[in-house]
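Colleague: I would like to go through this structure with you, taking the overall fold and then a few local features in turn. Could you answer each point with the reasoning that leads to it?

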Amino acid sequence: MSGSDQGAGRTARPKRADARRNEEVLLDAAAAVFVASGVEAPIRDIAAEAGVGTATIYRHFPTRADLIVAVYRHQVEALAEAGPALLASGAGPYDALVQWIDLFVDFVVTKQGLASVLQSDDPCFDPLHSYFLERLVPVCAELLDTAVASEEIDPGMDPYALMRGVGGLCAGAGNNPRYDARRLVGLLIAGLRHHH
């Protein structure tokens, strides 16, 4: 009896992992479509990108807002995990900071609709903003502190202010092809370097 019970328990676990993986596939597909076409893109485009039927998407995310929030959280989590991963990767602390800010620029620039969601007055997105700050400000702080400790950058840069500054530089682009947000952000981050 107990033998068959253990068997049942074992088969149940991978299913959960599969469901989570499937959800990640959907979220990655939705993020790609949102980047290409904005957050109003047809759900069927997302289904096609993910290789599933639209019903599958609605089963996971009953409304578009649910999907937008889930994509946003998925991106924030990836960004939060990237900080410690970059520090552990053996790149110097300053290089880790540069690479993380680059990912942050991707997040801000390419999540067109999501970036405007951040500035939105829609209260349903308010908690997202606090969630974004709670998750990412400490990661940015850790990257800055590590670079300061290794004397690669000067102390005193506030992580929240830095992230706001990068966000502001990215928002400045509008649709102007002459405006290279990434290059301006690069100059800002280069300005943190410790000058002996």
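Modeller: Before we start, one definition is needed: a charge sits over a ring if NZ of Lys or CZ of Arg is within 6 Å of the ring centre and within 35 degrees of the ring normal. Please also keep in mind that this is a predicted model.

Colleague: With that definition in hand, over the face of which residue does Arg 193 lie?

Modeller: The limit on distance is 6 Å from the ring centre, and Arg 193 lies at 3.9 Å from the centre of the ring in question. A further case is the charged end of Arg 73, placed 4.0 Å from the centre of the ring of Tyr 131. For Arg 193, the ring is that of Tyr 94.

Colleague: What pattern does the protein follow when read along the sequence?

Modeller: The secondary structure comes to 9 helices and 0 strands. Among contacts between residues at least 6 apart in sequence, 66% join residues at least 24 apart, and buried residues make up 35% of the 196 residues. Read along the sequence, the pattern is α-α-α-α-α-α-α-α-α.

Colleague: Which element gives the most to the lining of the second largest pocket?

Modeller: This pocket holds about 160 Å³ of space, and its lining includes Arg 20, Glu 23, Ala 70 and Glu 81. The elements that give two or more residues to that lining are helix H1 (2-37) and H4, while by class the lining has 3 nonpolar, 1 polar and 5 charged residues. With 5 residues, the element that gives the most is H4.

Colleague: His 74 is one of the residues that line this pocket; is its side buried or exposed?

Modeller: His 74 lies in helix H4, which spans residues 64-88, and, not counting residues up to four places away in sequence, His 74 touches Glu 24, Leu 27 and Asp 28. Its relative accessible area is 18%, and the cut-off for a buried residue is under 20%, so His 74 counts as buried.

Colleague: Turning to the aromatic residues, how are the rings of Phe 107 and Phe 132 arranged as a pair?

Modeller: The structure holds 6 aromatic pairs, and in one of them Trp 100 and Phe 104 are stacked, at 5.8 Å centre to centre with 0° between the planes. Those two residues both lie in helix H5 (residues 93-110), 4 residues apart, about one turn of the helix, and Trp 100 is buried at 0% relative accessibility. The rings of Phe 107 and Phe 132 have centres 5.8 Å apart and planes at 15°; planes under 30 degrees apart meet the cut-off, so this pair is stacked.

Colleague: Which helices does the pair of Phe 107 and Phe 132 link?

Modeller: Both residues are buried, Phe 107 with a relative accessible area of 6% and Phe 132 with 5%. They belong to one aromatic cluster together with Tyr 72, Trp 100 and Phe 104. The pair is 25 residues apart and links distant parts of the chain, namely helix H5 and helix H7.

Colleague: Finally, what is the phi of Glu 151?

Modeller: Most residues other than glycine have a negative phi. Glu 151 is placed in the loop between helix H7 (126-149) and helix H8 (159-171), where it is exposed with a relative accessible area of 55%. Although Glu 151 is not a glycine, its phi is positive, at about 60°.

Note on methods. Residues numbered from 1 in each chain as written. Predicted model: local features only at pLDDT ≥ 70, side-chain atom pairs only at ≥ 80, totals over all residues. Heavy atoms only, no water. Buried < 20%, exposed > 50% of the residue type's maximum accessible area, 1.4 Å probe, protein only. Contact = heavy atoms within 4.5 Å. Phe/Tyr/Trp six-rings, centres within 6.5 Å; stacked < 30°, edge-to-face > 60°. 1 Å grid on protein atoms, 1.4 Å probe; cavity = no way out; pocket = protein on both sides within 12 Å on 5 of 7 lines; lining within 4 Å. Points joined across faces, edges and corners; volume = space filled by probe spheres on them. Nonpolar A, V, L, I, M, F, W, Y, C, P; charged D, E, K, R; others polar.
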